Amino acid sequence: MNEQLYNVGQVINTHGIKGEVKVRRITDFDERFQPGQLLYWVRDEQEHDLEELVVKTHRMHKGFDLISFEDHASINEVEKYRDGFLKVSESEQLPLAEHEFYFHEIIGCKVYLTTGEALGEVKEILTPGANDVWVVARQHQKDVLIPYIEEIVKDVNVEEQTVIIDPIEGLLD
């Protein structure tokens with residue numbers, strides 16, 4: 001495949017005996033798991049083993065996505081997908097509104113304070129509810145959680161891979 005692929009989920013386990021897999025979502029787009037959606041499964045981030053899968057069913061259960069695939073009717077047929085990643089091709093990306101970003105555009109960005117001081121690098125994005133939370137890895141300190149809200153995140157430049165924040169009191173403690 002010549003197109004870039006982007007993570008939308010990680011298969012963390014099988015579910016039941018009828019071919020469902022339990023997926024940890026890595027996307028805000030519900031459309032990614034709708035029946036008929038083409039996904040690419042890869043064993044690891046290097047994309048050596050690539051397999052096309054078409055979503056047959058999707059449902060939510062205890063905060064996880066449960067997905068079955070066409071032509072995979074039993075646990076025996078989906079067991080091999082555990083610990084692999086589900087991806088979409090670059091051409092499947094949807095246009096975004098202003099101040100919206102794909103996870104892959106934010107993860108890896110360097111985070112700076114409005115004073116210019118380097119804080120760390122975004123290593124993960126959590127989606128707990130009302131707003132996303134960016135996990136920033138700091139050198140020789142514990143990670144800090146930055147809520148993606150206008151009051152804190154002042155500028156995001158995906159081309160330069162930089163984020164500028166103005167933390168509220170206590171956020172970095």
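## Exercises on two sheets, two cores and a pocket

In this predicted model, the largest nonpolar core has 21 residues, and those touching the most other members are Leu-119, Trp-134, Ile-146, Val-163 and Ile-165. A nonpolar core is a set of buried Ala, Val, Leu, Ile, Met, Phe, Trp, Tyr and Cys residues joined through side-chain atoms within 4.5 Å; buried means under 20% relative accessible area with a 1.4 Å probe, protein chains only.

Some ground rules: residues are numbered from 1 along each chain as its sequence is written, and side-chain values use heavy atoms, with hydrogens and water left out. As the model is predicted, local features need pLDDT of at least 70 and side-chain atom pairs count only at pLDDT 80 or more, while totals for chains, interfaces and linings use all residues.

**Exercise 1.** Work out which elements supply the largest core.

*Solution.* Start with the list: helix H2 (103-106), strand S7 (110-113), S8, S9, S10, S11 and strand S12 (162-165) each give at least two residues. Helices (H or I, at least four residues) and strands (E, at least two) are DSSP runs, numbered from the N terminus. Next, look for the largest share: that's S8, with three residues. Finally, check what lies apart from this core: another one of 15 residues, among them Val-8, Val-11, Val-23 and Tyr-81.

**Exercise 2.** Find the order and the edges of the open sheet.

*Solution.* First, trace its six strands: they run S10-S9-S8-S7-S12-S11, with mixed pairing. Two strands pair if DSSP finds at least two bridges between them. Then spot the edges: S10 (144-147) and S11 (153-157) each pair on one side only. Now zoom in on one pair: S8 (residues 118-126) and S9 (residues 133-137) are antiparallel over five bridges. Within S9, Trp-134 is the bridge partner of Ile-125.

**Exercise 3.** Describe the barrel and one pair of its strands.

*Solution.* Go round the barrel: six strands close in the order S1-S2-S5-S4-S3-S6, and their pairing is antiparallel. Then pick S3 (residues 38-42) and S4 (residues 50-61), which pair over five bridges. Here, Leu-39 faces Leu-53 in S4.

**Exercise 4.** Say which residues of the lining are closest to the centre of the largest pocket, and which strand gives the most to that lining.

*Solution.* Take the centre: of the 33 lining residues, Thr-27, Asp-28, Phe-101, Tyr-102 and Phe-103 are the closest. Next, the elements: strand S1 (5-15), strand S6 (85-89) and H2 each supply at least two lining residues. S1 gives the most, with four. On a 1 Å grid over the protein atoms alone, a pocket is an open set of points where a 1.4 Å probe fits, with protein on both sides within 12 Å along at least five of seven lines; lining residues have an atom within 4 Å of a point.

How values were computed: Buried < 20%, exposed > 50% of the residue type's maximum accessible area, 1.4 Å probe, protein only.
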